[in-house]
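The exercises below ask you to read a protein model step by step, moving from the whole chain to single residues. Try each task with the structure in view before you turn to its solution.

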Amino acid sequence: MRTVAAVLALAVLAGCGGGGSAAGGTGVGGTVTVFAAASLTESFTRLGRDFEATHPGTSVVFNFAGSSALAAQVNQGAPADVFASAATRNMATVTGAGNADGDPVVFVRNQLVVAVPRGNPRGVAGLADLTRPGLTVALCAEQVPCGAAARTALDAASVSLTPVTLEQDVRGALAKVRLGEVDAALVYRTDALAAAADVTAVEFPESAHAVNDYPIVALRDAPNPAGGRAFVAYVRGERGRAVLTEAGFQAP
């Protein structure tokens, strides 16, 4: 009878530890839903795979879009565990609505470049060249971070131009260059680097006036609060810093 009791006790203990075991003993498991700025697509996708490997039993699902659209979705009740914005302004709309679990932390910064077709066939050297007759330019809409940064940089350079298109996120603006639909676009340095096979990045000094801070936070009422907090910690940790630096992001 003692032997049977001992076996039953061990079985109960094993059953109680099943969740931790499924998550590699970390206490983190299940689906982690991350809303992140479009400019984080490559680096966060890579970090998501790394996070899953570090926390067996987890699955990271991303929603990449313009930060203003993501903030609106969060405030409208879309289920998410983490929000990473390309600007503090959009994060403020989420914290102001009481939807953040704690205080957001700036984890990287980013700057603009002029993206042109590979080899720079039109010889663009700076913002003033974007006003040349016949040269077509794509910008982000001003309500999204890349558009607000572009307006700040253009104002700093005293350059006035009329874009042929206003995109809802930086990937839309970059795609116009990659597809040959425009001659240039103002995009983040990291996006141009990720598309280096197709575009050339032209640096310009006025970008220093429009550096974007990227804050991240776990969300209140998250479906997976433990997973959300763990992902935020992972992004801010050694592995996260290494991947983001390699992608061209700057330390805060």
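**Exercise 1. The whole protein**

Of the 252 residues of the protein, what percentage count as buried?

*Solution.* Begin by keeping in mind that this is a predicted model. A residue counts as buried when its relative accessible area is under 20%, and by that rule 46% of the 252 residues are buried. Turn next to the secondary structure, which comes to ten helices and ten strands. Finally, consider how the chain meets itself: among contacts between residues at least 6 apart in sequence, 79% join residues at least 24 apart.

**Exercise 2. The nonpolar cores**

Find which residues have the most contacts inside the largest nonpolar core, and follow one of them outwards.

*Solution.* In soluble globular proteins, nonpolar side chains tend to be buried together. The largest nonpolar core of this model has 64 residues, and those with the most contacts inside it are Leu-40, Phe-44, Phe-107, Val-114 and Leu-130. Take Phe-107 as the example: once its neighbours within four places in sequence are left aside, its contacts include Leu-40, Phe-44, Ala-84, Tyr-214 and Leu-244. Apart from the largest core lies another core of twelve residues, among them Val-74, Ala-80, Met-91 and Val-94.

**Exercise 3. Strand β5 and its partners**

Is strand β5 (residues 112–117) largely enclosed or largely open, and why?

*Solution.* Five of the six residues of β5 are buried, so the strand is largely enclosed by the rest of the structure. Now look for the strands that pair with β5. One is β8 (residues 184–188), which runs antiparallel to β5 and is joined to it by four bridges; here Ala-115 stands opposite Ala-185. Another is β9 (residues 199–202), which also pairs with β5 in the antiparallel sense over four bridges, and in this pairing Val-114 has Val-202 as its bridge partner.

**Exercise 4. The loop after β5**

Where is Arg-118 placed, and with which residues is it in contact when neighbours within four places in sequence are left aside?

*Solution.* Arg-118 sits in the loop between β5 and β6 (137–140). Its relative accessibility is 58%, and because the cut-off for exposed is over 50%, Arg-118 counts as exposed. Even so, Arg-118 is in contact with Ala-196, Ala-197, Asp-198, Val-199 and Thr-200. The C-alpha atoms of Arg-118 and Asp-198 are separated by 5.3 Å, although these residues are 80 apart along the chain. The loop between β5 and β6 also holds Asn-120, whose phi is near 55°, a positive value in a residue other than glycine.

**Exercise 5. Two more accessible residues**

Decide whether Ser-158 and Ala-233 are buried, partly exposed or exposed.

*Solution.* Ser-158, found in the loop between α6 (145–156) and β7 (165–167), has a relative accessible area of 68% and is therefore exposed. Its phi is positive, at about 55°, although Ser-158 is not a glycine. Ala-233 belongs to helix α9 (residues 225–236), and its relative accessibility of 48% makes it partly exposed.

**Exercise 6. The cavity**

How many cavities of 30 Å³ or more are counted?

*Solution.* The count comes to one. About 60 Å³ of space lies in the largest cavity, and of the 13 residues that line it, the closest to its centre are Gly-66, Ser-67, Ala-86, Pro-145 and Val-170. Sorted by character, the lining residues divide into nine nonpolar, three polar and one charged.

Notes: Residues are numbered from 1 along each chain as its sequence is written. This is a predicted model: local features need pLDDT of at least 70, side-chain atom pairs count only at pLDDT 80 or more; totals for chains, interfaces and linings use all residues. Side-chain values use heavy atoms; hydrogens and water are left out. On a 1 Å grid over the protein atoms alone, a cavity is a set of points where a 1.4 Å probe fits but cannot get out, and a pocket is an open set with protein on both sides within 12 Å along at least five of seven lines; lining residues have an atom within 4 Å of a point. Grid points are joined across faces, edges and corners, and a volume is the space filled by probe spheres set on the points. Ala, Val, Leu, Ile, Met, Phe, Trp, Tyr, Cys and Pro count as nonpolar, Asp, Glu, Lys and Arg as charged, and the others, Gly among them, as polar. A nonpolar core is a set of buried Ala, Val, Leu, Ile, Met, Phe, Trp, Tyr and Cys residues joined through side-chain atoms within 4.5 Å. Buried means under 20% relative accessible area, exposed over 50%, partly exposed in between (1.4 Å probe, protein chains only). Contact means heavy atoms within 4.5 Å. Helices (H or I, at least four residues) and strands (E, at least two) are DSSP runs, numbered from the N terminus. Two strands pair if DSSP finds at least two bridges between them.
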